[in-house]
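Please open the structure in your viewer, show it as a cartoon, and keep the sequence panel visible beside it. The tour below moves from the whole chain to single residues, and at each stop it suggests what to select.

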Amino acid sequence: MSLSSKPPFRIYRAPWVVPVTSQVLFDGAIVVDNETIVAVGAYSDISRLHPDLSVTVCSGGLLPALVNCHIHLELSVYGVIYPPTQTSNMCDWIKVLLQAREQANFSLDEIRAAAKKMAQTQYDSGIGLMLDTGNIDIGTFDSCPSEIYSLYEMLGPSKAATQKAIETIEHFSAEQSVTAHAPYSTSPNLLKVIKKRCRNQEQLFSIHLAENLDEGLLLSKGEGCFARFLQDRTGSDSPFPIPGIDSSTVVEYLQRLGILDSKTICVHCIHLNDEEIKIIADAEAHVCLCPGSNKFLSVGTVRLQALLDHGILPALGTDSIASNPSVDLWQEMALLRKEHPAVSPGSILSMATIGGARAMGRANDYGSLEAGKTARFLNIQDQEYEDVESSEQLLERLTISGKPESVKWL
Ligand SMILES: [Zn+2]
């Protein structure tokens with residue numbers, strides 16, 4: 001049924017409703033008017049206030065749409081890219097990925113078809129909003145009902161590549177959203193140019209950060225696996241090392257360049273010390289975690305409690321299938337729960353919903369069930385939930401059991 005064919009005012013009632021930003025409601029209800037949520041509450045209260053409205057009775061529960069804050073749809077065509085050996089590092093994986101891109105030589109149509117299929121899979125699993133980052137323009141997917149915000153990702157690991165990237169950016173239309181790949185692949189000059197453009201155009205800026213310890217080694221000393229990798233590809237035309245930074249102050253370096261603000265999303269953020277976390281928190285920059293990708297690439301486990309202690313509620317992302325075979329945000333929640341058993345299930349669910357919505361500047365529409373937000377939410381059902389007796393138990397099951405048996409959009 002299309003949204004436009006729904007009656008203007010109606011009530012959805014379910015055994016439980018999870019607003020995310022407030023307490024779980026047992027026998028809850030949501031009043032919607034066309035595409036907007038009007039009220040959320042206990043069914044007894046809602047039915048008293050709106051006695052004449054038609055009621056759709058759902059089984060299971062109602063949940064806001066999930067937000068996938070980091071994915072690379074264009075890589076879907078390559079499938080899983082396994083590193084050459086079990087002891088390979090992240091640079092070896094990047095080499096295999098680049099080799100696959102160069103050798104497969106997929107057409108734009110093939111890349112688009114795989115990306116479109118992945119976007120639809122994301123929607124079917126309950127993703128209402130996603131942040132997609134890519135190195136080629138794969139266009140838009142009007143047939144996918146999820147909202148997809150796309151960022152064109154630039155790299156400039158040499159002086160020549162930086163110059164070329166800056167020239168490319170100058171020819172982009174004002175609507176083209178541009179971002180930078182990572183501190184280890186993007187010169188300070190290019191980082192500044194891209195962030196300045198994002199600021200002028202009030203666009204999001206997303207950057208892979210602290211995914212691997214060798215990032216700091218490259219920037220501070222010109223050593224480590226990234227240094228060897230760049231030496232092979234660009235020779236001596238390297239902007240690294242950068243004078244005046246040490247390997248534990250990559251975040252401070254980004255702050256000095258003016259990269260960190262409330263429209264910046266720092267993706268991965270595994271190897272951060274307390275001072276770096278504080279800098280990110282003070283700058284009101286956002287953090288997006290991709291635990292599935294981190295596990296696949298064996299790059300470490302994020303200091304989640306330290307982030308939360310500094311007042312940072314991270315967003316969650318799947319990253320691409322190239323480094324995460326499941327590409328499933330429900331699995332990301334389950335993995336985080338297992339890795340951080342002391343963190344509450346409610347916090348984990350918040351990351352997959354309101355955390356992502358805030359990071360993308362879309363909390364007015366997404367991330368929770370509240371009056372005024374978009375009336376696109378989920379009705380989920382699973383045998384796992386049937387015997388729950390408390391909101392704690394419910395949130396536990398929601399975040400540990402993976403994708404529910406049934407995810408329907410309302
Ligand atoms: Zn990524």
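What follows is a walk through a predicted model, stop by stop.

**Stop 1: the whole chain**

Begin with the complete chain selected, and let the cartoon show you its 14 helices and 15 strands. The C-alpha atoms fill a box of roughly 75 × 45 × 40 Å when this is taken along the principal axes. For 410 residues, a compact globule would have a radius of gyration near 22 Å, and because the chain has 22 Å, it agrees with that expectation. If you switch on a surface, you are looking at about 17,200 Å² of exposed area, of which carbon and sulfur atoms supply 48%. Buried residues, meanwhile, make up 56% of the 410 residues. Among contacts between residues at least 6 apart in sequence, 70% join residues at least 24 apart.

**Stop 2: two domains**

Now give one colour to residues 3–65 together with 369–409, which form domain 1, and another colour to residues 66–359, which form domain 2. The centres of domain 1 and domain 2, taken over C-alpha atoms, are separated by 33 Å. Where the two domains touch, the contact takes 20 residues from domain 1 and 24 residues from domain 2.

**Stop 3: antiparallel strands β1, β2 and β3**

Select residues 9–17, which are strand β1, and residues 25–33, which are strand β2; these two pair in the antiparallel sense over eight bridges. If you show R10 as sticks, you can look across to its bridge partner in β2, which is V32. Next add residues 36–42, strand β3, which runs antiparallel to β2 and is joined to it by six bridges. Here I30 has V40 in β3 as its bridge partner. The hairpin of β2 and β3 has two residues between the strands, and in this hairpin N34 takes a positive phi near 50°.

In general, strands of a sheet pair through backbone hydrogen bonds, and the pairing may be either parallel or antiparallel.

**Stop 4: the sheet β6-β7-β8-β9**

Move on to an open sheet of four strands, whose order is β6-β7-β8-β9 and whose pairing is parallel. The edge strands are β6 (66–71) and β9 (178–180), each of which pairs on one side only. On average, neighbouring strands of this sheet are turned by 25° against each other, direction ignored. Inside the sheet, select residues 127–134 for β7 and residues 147–154 for β8, which run parallel and are joined by six bridges. D132 is a useful residue to label here, since you will find it opposite S150 in β8.

Then add two helices to the view. Helix α3 (residues 108–124) lies across β6, β7 and β8, and runs at about 150° to β7. Helix α12 (residues 329–339) lies across β6 and β7, and runs at about 90° to β6.

**Stop 5: the sheet β10-β11-β12-β13**

Another open sheet of four strands has the order β10-β11-β12-β13, again with parallel pairing. Because β10 (205–209) and β13 (315–316) each have a single partner strand, they stand at the edges, and one side of each is left without a neighbour in the sheet. Select residues 264–268 for β11 and residues 286–289 for β12, and you will see a parallel pair with three bridges. In this pair, I265 has H286 in β12 as its bridge partner. Helix α5 (residues 188–200) packs on the sheet, where it touches β10 and β11, and its direction makes about 145° with that of β10.

Are the two faces of β12 covered or uncovered? Both are covered, with H286 and C288 buried on one side and V287 and L289 buried on the other.

**Stop 6: Y184 and its surroundings**

Finish by centring the view on Y184, which sits in the loop between β9 and α5. Is Y184 buried or exposed? Its relative accessible area is 6%, and because residues under 20% count as buried, Y184 is buried. To see what surrounds this residue, leave out residues up to four places away in sequence and show those that Y184 touches, which are M90, I94, E215, L218, L219, F226, L230 and F240. As a last step, look at E215, which is 31 residues from Y184 in sequence and 5.6 Å from Y184 in space, C-alpha to C-alpha.

Terms used
Residues are numbered from 1 along each chain as its sequence is written. This is a predicted model: local features need pLDDT of at least 70, side-chain atom pairs count only at pLDDT 80 or more; totals for chains, interfaces and linings use all residues. Side-chain values use heavy atoms; hydrogens and water are left out. Two strands pair if DSSP finds at least two bridges between them. Axes are lines fitted to C-alpha atoms, for helices over the stretch in contact, and angles run from 0 to 180 degrees between N-to-C directions. Contact means heavy atoms within 4.5 Å. The radius of gyration is taken over C-alpha atoms; the globule rule is 2.2 Å times the number of residues to the power 0.38. Buried means under 20% relative accessible area, exposed over 50%, partly exposed in between (1.4 Å probe, protein chains only). Accessible areas come from the Shrake-Rupley method with a 1.4 Å probe; for residues, only the protein chains shown count as cover. Domain bounds come from an automatic or database domain assignment.
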